[in-house]
Amino acid sequence: MIKKTILSGIQPSGNLCIGNYLGAIKQWEQMQDDYESIFLVVDMHSITTKQLPADLRSRCLSFVAQYIACGIDPNKSNIIIQSHIPQHAELMWVLSCFTYQGELSRMTQYKSKSKNLKNINAGLFTYPILMAADILLYQADLVPVGSDQKQHLELCRDIALRFNNKFSETFKIPEPFIPKNGARIMSLQNPTDKMSKSDVNLNSIISLLDEPNIVRKKINRSVTDSGSKVVYNQKDKPGLSNLINIYKSLSNESADYIENRYKGKMYSDFKSDLSDLIIDTLSPIKLEYDYLIKNKDYLLKILKDGTDYGYKKSQNTISKVYRKIGFVPRVR
Ligand code: TYM
């Protein structure tokens, strides 16, 4: 039986955090047995904001090692660095000609990222088209992401449908896959904002590579709300509810169950157990990561396999697209 394809990606900016793990990587790991899987390190997306070249280079390899340490198995899944496949940029240009300025200016992520910037680069604005190209290039069926990417996915579907209607069936129309738990983990310091791997305040995020004592410190210092009862109430207790959400996603227990367990106990008891739960999840990841990151040749081999696979797949799509829009085929 032909397996359906899942595809997702993460920008190599900042430190991979527990938000990325619960919203995306954990789902990838669970789905990779049942789907043909493609996981991207989207370095071309990350240069829409300032990056130091040497840091970007080493972070890309570090992200590959972290994907594998989180359970992405290179024997089952394809791991690809976006810039290794030139067809991403090629398809993006074509799709740009079928995307409206009005659509892009409605993107909430663009609005919030560009809010305090003086000179907004065009890449930040056209970024969702590159994301659509990533997905459509590989004819993905399902895209496992956190809820912040839903609007980008909807735009991707609109662009694909528009193209298909104009030139006949060319792209699969992808569906988002957003987990029930963990789709939007909030900042530990400002629980009305999303936890973001590029947050300059490192106390706001739990990084996947944080040492146990750091995890404990960050959870202890996380902003909770007045009161002392461990109760889930997103509106009135956003800080505590965010911690309960993290607990829920890691333990697969319901909020009711967790509330019951902490009846008559203090926030500090809950925070201490939550720290244990996070440390139990992250410790094996860190151990495996420390081993993998020293094996650069192994990581490069996985990337070579990923590129070979990705090049072939994406060349199929780009040839089809170029033919349909009327470009003269290249003589080889
Ligand atoms: P990025 O790099 O911001 O985030 C990577 C993935 O992590 C999820 N995520 C979260 N989930 C729960 N809680 C959070 N606080 C949290 N923060 C991030 C995101 O939803 C995402 O799934 N544009 C994308 C990257 C991308 C992509 C793609 C994704 C480029 N091309 C193609 C899927 C398919 C982004 O900036 O994700």
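This report describes one helix and two loop residues of a predicted model.

In this predicted model, local features need pLDDT of at least 70, side-chain atom pairs count only at pLDDT 80 or more, and totals for chains, interfaces and linings use all residues. Residues are numbered from 1 along each chain as its sequence is written, and side-chain values use heavy atoms, with hydrogens and water left out.

**Helix α1**

Helices (H or I, at least four residues) and strands (E, at least two) are DSSP runs, numbered from the N terminus. Helix α1 covers residues 18-31, which is 14 residues. From its first C-alpha to its last, α1 reaches 18 Å, close to the 20 Å expected at 1.5 Å a residue; the expected span is 1.5 Å times one less than the number of residues. A kink of about 40 degrees in α1 is centred on A24. The bend at a residue is the angle between axes fitted to the seven residues ending there and the seven starting there.

Twelve of the 14 residues of α1 are buried, where buried means under 20% relative accessible area, exposed over 50%, and partly exposed in between (1.4 Å probe, protein chains only). A24, the centre of the kink, is one of the buried residues. Others include W28 and M31.

**Two loop residues with positive phi**

Most residues other than glycine have a negative phi. Q139 and S168 are listed below with their positive phi values.

| Residue | Phi | Loop between | Relative accessibility |
|---|---|---|---|
| Q139 | about 55 degrees | α7 (122-137) and β4 (142-144) | 18%, buried |
| S168 | about 80 degrees | α8 (150-167) and β5 (175-177) | 41%, partly exposed |
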